[in-house]
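I opened this notebook to keep track of what I looked up in the structure, entry by entry. The open spaces come before the overall build, and single residues come last.

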Amino acid sequence: MNNGYIRVEHLTKRYGDLVVLNDISLDVAEGEFLALLGPSGCGKTTLLRAIAGFVEFSEGDIRIDGRSMKRLPPNRRPVNTVFQNYALFPHLTVAQNVGFGPRRAGKVAAEVASIVEECLSTVGMAAYGERFPAQLSGGQQQRVALARAIANRPKVLLLDEPLGALDLKLRKQMQIELKTLQQKLGITFIFVTHDQEEALVMADRIAVMDAGRIAQIGSGRDIYHAPAERYVADFIGDANLLAATVAADGSLAIGSLSIAARHGAAAGSKATYLLRPEAIRVDHAQDPSADFVSLPACVQEIVFAGGIIRIYAVSSDGQEIVAQQTALAGEAPIAVGDEVVLSWHRDSGRVLTK
Amino acid sequence: MRIRNGWAALLVGVPLAFMAAFFLVPFFVVVMASFQTKDGAWSLANYARILGDSYYPSILYVTFKLSLIATLVSFVIGYPIAYYIVNVVRSRMARRICYILVIMPLFTSNIVRSFGWMILLGRQGLVNTTLMTLGLTDRPMPILFTELSIIIGLTYILVPFMVLTVAGVLQTIDKSLVEAALDLGANRFVTFAKVTFPLSLPGVVAGSLIVFTLAVSAYVVPSIMSGGRTVVMAMSIFEQYGSLFDFNFGAALAVGLLVVTLVLIALYLFFIERQPAGRQAVRS
């Protein structure tokens, strides 16, 4: 890709001996919604702060629209940030908070007022201009922080876990609103989160980070269905990760099973066989179809989780496997202790060599 | 764990009783004495005497003028020190050392400290000999026993109070607010003027009140550093009690000083309250 609007080139950040960002390269297209996803301490926030200008990097460069950000202080970068704790100025009203950026840009009072009004109505807070941040709820503060960050018409909006402090219902609502807003404004969003569902719902592309590097970058579907490595498969969604060995004929040996599968690994090497729980069928009888792999198992536990049920089973050769089925009312033929057959389509499993 | 009511009453009661016995009672004794003549008859004569000629009002004026200047200078010196300690010094150890250095002036007794200043500021003192050696002045400048020397002496002991109070508030300011201001396009200076300083106003208000009231009631520093040539209220009051034994008139002077101080503080807070940024400062 050479058309990156934001280009992160071999970015490295060290604190003493500790490498926080390890040779990160990343291209983000104009108008794209990118999520940086990873557990705490993976470097995602550091990467975001490096783009914002709060973290000086040891090596590499960040370019926005072709321009190097290396020596540019935060106040001169074409980016704005929505902070994790919102960071609203407590001594200023909502309108003054939103007008802070335009005022610094040297706009006259009337112009500032119209920008403030427009931004506040964009986030549905037009009626709250005269309030102080302390008089608003968490969700309202979140909206004001968003309005303040878009008031300067940034080329890139950086969001540092902005929904983390909201309760689940509001968070889901804000996810959709943010996504809609991003499409309406056409601003490039870079969104940091540790919540995989949030990333899957909102982002065009997801960069999964691990210990200062990007493990995989791609669309939500790519990352879920075709993870590049065990770490990504484990981090996104539920997964059965079965230890496998590549046999001499190229098939995979998993416990007592032998599965013919496509992979690039050499004979004798170790691999991981990924099986998503929803791909596994649980039946009392053997499936006759040749396209299916089947494995006898004993049901250990059944968990009812609303729309779905999870079935924890141990196969006859001792592997723990979780399967997931939609829970239709009245349909509960499987009980704890049942001897069942787990089966899945040959193509639904995936071999991971990293 | 909840403190039981009996213990709570004791914990609150003991300090309350102490305050009542050693602060409120003497205070009312002084107030009552100020409204009495030497014979014990009720009278406003003491207050009439204060306002009778310009002598005592002029002492009051000098007292407040010197206190105000000392407060302003303490702010000008103390605020940057507090800012430096909180926002520039990184290591916790270095910060601790800074705090110790700041309160160092308070380690020595008032009297010893003031005599130290006399040696520095005298005609043959270090300051004047340095100035003359550098050729900045031909003759020794009269610094000691002037209002300037009182201000120097007062500021020296009052700066620590300003630094500690302001630093206490600066520390509570969320660093992400500074980042947000930079992020929105403000440079370092505007960020300070629009965000950090307004948010530190509660510390400035509290610090200046502490410094001002301490300056108004200072006795040792003005009496030594003035050499008796400038008189402040505390010196007058001490004179009435300690030399002339006119407890009633001394009480009236003390109450007068207290009332004027409270009025000035009330005006100050009223003025701050009217500023948009200050409103937050006074409330918090």
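**Entry 1: the largest pocket.** I began with the lining of the largest pocket, whose residues divide into 15 nonpolar, six polar and 10 charged. The model I am reading is a predicted one. I then asked which residues lie nearest the centre of this pocket. Of the 31 residues in the lining, those nearest the centre are Phe54(A), Arg90(B), Glu179(B), Leu182(B) and Arg188(B). For the elements, I noted that α3 (55-88), α8 (175-183) and α9 (188-216) of chain B are the ones that give two or more residues to this lining. I recorded a volume of about 970 Å³ for the largest pocket.

**Entry 2: the enclosed space.** I next looked for closed cavities and found one of 30 Å³ or more in the structure, and the volume of the largest cavity is about 40 Å³. Its lining is made up of Thr63(B), Leu66(B), Ser67(B), Ile150(B), Leu154(B), Ala215(B), Val216(B), Ala218(B), Pro222(B) and Val232(B). Sorted by character, the residues of this lining come to eight nonpolar, two polar and no charged. I asked which element gives the most to the lining of the largest cavity. It is α3(B), with three residues, while α3, α7 and α9 of chain B are each listed as supplying at least two.

**Entry 3: the two chains.** I set the overall values of the chains side by side. Chain A has eight helices and 20 strands, whereas chain B has 13 helices and zero strands. Taken along the principal axes, the C-alpha atoms of chain A fill a box of roughly 75 × 50 × 35 Å, and those of chain B fill one of roughly 70 × 70 × 35 Å. In chain A, 50% of the 354 residues count as buried; in chain B, buried residues make up 38% of 284. For contacts with a sequence separation of 6 or more, I noted that 66% of those in chain A join residues 24 or more positions apart, and that the corresponding share in chain B is 69%.

**Entry 4: the nonpolar cores.** The largest nonpolar core has 80 residues, and Leu11(A), Leu36(A), Leu47(A), Phe89(A) and Ile190(A) have the most contacts inside it. Although those five are in chain A, the largest share of the core, 11 residues, comes from helix α7 (residues 147-172) of chain B. I also noted a second, separate core of 45 residues, which includes Ala35(A), Leu37(A), Leu88(A) and Phe235(A). Nonpolar side chains tend to be buried together in soluble globular proteins. I then followed Leu36(A) outward: leaving out residues up to four places away in sequence, Leu36(A) touches Leu26(A), Lys44(A), Leu47(A), Ile190(A), Phe191(A), Val192(A), Thr193(A), Ala207(A) and Met209(A).

**Entry 5: the pairing of β1(A).** Strand β1 (residues 6-15) of chain A runs antiparallel to strand β2 (residues 18-28) of chain A, to which seven bridges join it. The hairpin that β1(A) and β2(A) form has two residues between the strands, and Gly16(A) takes a positive phi near 65° there. β1(A) also pairs in the antiparallel sense with strand β4 (residues 59-64) of chain A, over five bridges. I traced Ile6(A) in both pairings: Ile6(A) stands opposite Val28(A) in β2(A), and its bridge partner in β4(A) is Ile64(A).

**Entry 6: positive phi outside glycine.** Most residues other than glycine have a negative phi. I therefore checked Glu161(A), which is buried at a relative accessible area of 11% and has a positive phi of about 40°. Glu161(A) sits in the loop between β7 (156-160) and α5 (168-185) of chain A. Phe245(B) also has a positive phi, near 55°, and its place is the loop between α11 (233-243) and α12 (247-274) of chain B. Is Phe245(B) buried or exposed? Phe245(B) is exposed, with a relative accessible area of 55%.

**Entry 7: a buried serine.** I closed with Ser226(B), which lies in the loop between α10 (220-225) and α11 of chain B and counts as buried at 0% relative accessibility. Neighbours within four places in sequence aside, Ser226(B) is in contact with Phe145(B), Ile150(B), Val221(B) and Met235(B).

How values were computed
Residues numbered from 1 in each chain as written. Chains lettered and ligands numbered in written order. Heavy atoms only, no water. Core = buried A, V, L, I, M, F, W, Y, C linked by side-chain atoms within 4.5 Å. Buried < 20%, exposed > 50% of the residue type's maximum accessible area, 1.4 Å probe, protein only. Helix = DSSP H or I, 4+ residues; strand = E, 2+ residues; numbered from the N terminus. Contact = heavy atoms within 4.5 Å. 1 Å grid on protein atoms, 1.4 Å probe; cavity = no way out; pocket = protein on both sides within 12 Å on 5 of 7 lines; lining within 4 Å. Points joined across faces, edges and corners; volume = space filled by probe spheres on them. Nonpolar A, V, L, I, M, F, W, Y, C, P; charged D, E, K, R; others polar. Pairing = 2+ DSSP bridges.
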